[in-house]
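Here are some notes for you to read alongside the model, set out point by point. I hope they help you find your way around.

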Amino acid sequence: MAYTQPELPFSYDALEPYIDKETMEIHYGKHHTAYCKKFNDAVAGTKYDKKDLFDILKDIENVDEKIRTVVRNNGGGAWNHSFFWSVLCSKKESGQPGKNTSKIINDSFGSYSEFKKRFSDAATAVFGSGWAWLVLNNSRKLEIVKTANQDSTISRGLKPILVIDVWEHTYYLKYRNLRPDFIEAFFNIINWKQVEEYINS
Ligand code: MN
């Protein structure tokens, strides 16, 4: 199998009350699982079967045209969600931005509050379904980037540090149409320790 869905690094109810248990069960168990399966089905029997998903997405424009869209959508959905779970944790474990994270946030945005405002504005402004990312660019500065559907920033040569999924399936059961309320809640459950590891790696 080309891609194995990683185990969720926390229990379904670990993100309560910010993301509810039922949403996590459906999001991980149905949506994410389906992206992984559809990606594996699409590459079965092709030369991509043995290739790393990260490397495939990095070079998405050179994937065979016949399967490029299905790989972009489902390979992206598989990888993006795995990355999303990795930057989440319970409120108790969330902590504060690490030393290097704080420094690079201040260097890039001036302050944590300015970063939070710009990231929230970008996540709010994603039209329809998509993602807002914090990425390191080639000059080791942070940037905030939006992607539509399941497009991934790794396909743009950027290194993701943090991401928020703003597809309605992430928040609709609890927050209904109020995406900004979900975005505000998200800041309580960021795994800052993992973010620091991404900054340092
Ligand atoms: Mn999702």
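1. A word on naming to begin: helices (H or I, at least four residues) and strands (E, at least two) are DSSP runs, numbered from the N terminus. With that in hand, Pro 9 can be placed in the segment before α1. Please keep in mind that this is a predicted model.

2. Let us stay with Pro 9 for a moment. Its relative accessibility is 54%, and because exposed means over 50%, Pro 9 counts as exposed. Along the chain, Pro 9 and Trp 85 are 76 residues apart, yet 7.0 Å separates their C-alpha atoms.

3. The segment before α1 also holds Pro 17. Do have a look at the peptide bond that joins Glu 16 to Pro 17: the bond is cis, with omega about 0°.

4. Now to the metal site. Which protein residues are donors of the manganese ion? They are His 27, His 81 and His 169, each through NE2, together with Asp 165 through OD, at 2.0 to 2.2 Å from the ion. Their spacing in sequence reads H-x53-H-x83-D-x3-H. Since His 27 belongs to helix α1 (residues 21-43) and Asp 165 to strand β3 (residues 159-165), this pair ties together parts that are 138 residues apart in sequence. Both His 27 and Asp 165 are buried.

5. Next, a helix pair. Two packed helices are described by the angle between their axes and the distance between the axes. For helix α5 (residues 99-109) and helix α9 (residues 192-200), the axes come within 8 Å and cross at roughly 70°. That makes α5 roughly perpendicular to α9. On the α5 side, Lys 99, Asn 100, Thr 101, Ile 104 and Ile 105 take part in the contact, and they meet Trp 192, Val 195, Glu 196, Ile 199 and Asn 200 of α9. By type, the residues of this contact are five nonpolar, three polar and two charged.

6. Two backbone angles are worth checking. Asn 149, in the loop between β2 (142-148) and β3, is not a glycine but has a positive phi of about 55°. With a relative accessible area of 40%, Asn 149 is partly exposed. Arg 176, also not a glycine, has a positive phi of about 50°; its place is the loop between α7 (172-175) and α8 (179-186). Arg 176 is partly exposed as well, at 48% relative accessibility.

7. Finally, the cysteines. How many disulfides does a search of the whole structure find? The search finds zero. Cys 36 is buried at 4% relative accessibility, and Cys 89 is buried with a relative accessible area of 4%.

Note on methods
Residues are numbered from 1 along each chain as its sequence is written. This is a predicted model: local features need pLDDT of at least 70, side-chain atom pairs count only at pLDDT 80 or more; totals for chains, interfaces and linings use all residues. Side-chain values use heavy atoms; hydrogens and water are left out. A disulfide is a pair of cysteine sulfur atoms within 2.5 Å. Buried means under 20% relative accessible area, exposed over 50%, partly exposed in between (1.4 Å probe, protein chains only). Axes are lines fitted to C-alpha atoms, for helices over the stretch in contact, and angles run from 0 to 180 degrees between N-to-C directions. Angles under 35 degrees count as roughly parallel, over 145 as roughly antiparallel, 65 to 115 as roughly perpendicular and the rest as oblique. Contact means heavy atoms within 4.5 Å. Ala, Val, Leu, Ile, Met, Phe, Trp, Tyr, Cys and Pro count as nonpolar, Asp, Glu, Lys and Arg as charged, and the others, Gly among them, as polar. Donors are N, O and S atoms within 2.8 Å of the metal (3.2 Å for Na, K and Ca); water is not among the atoms, so sites may look incomplete.
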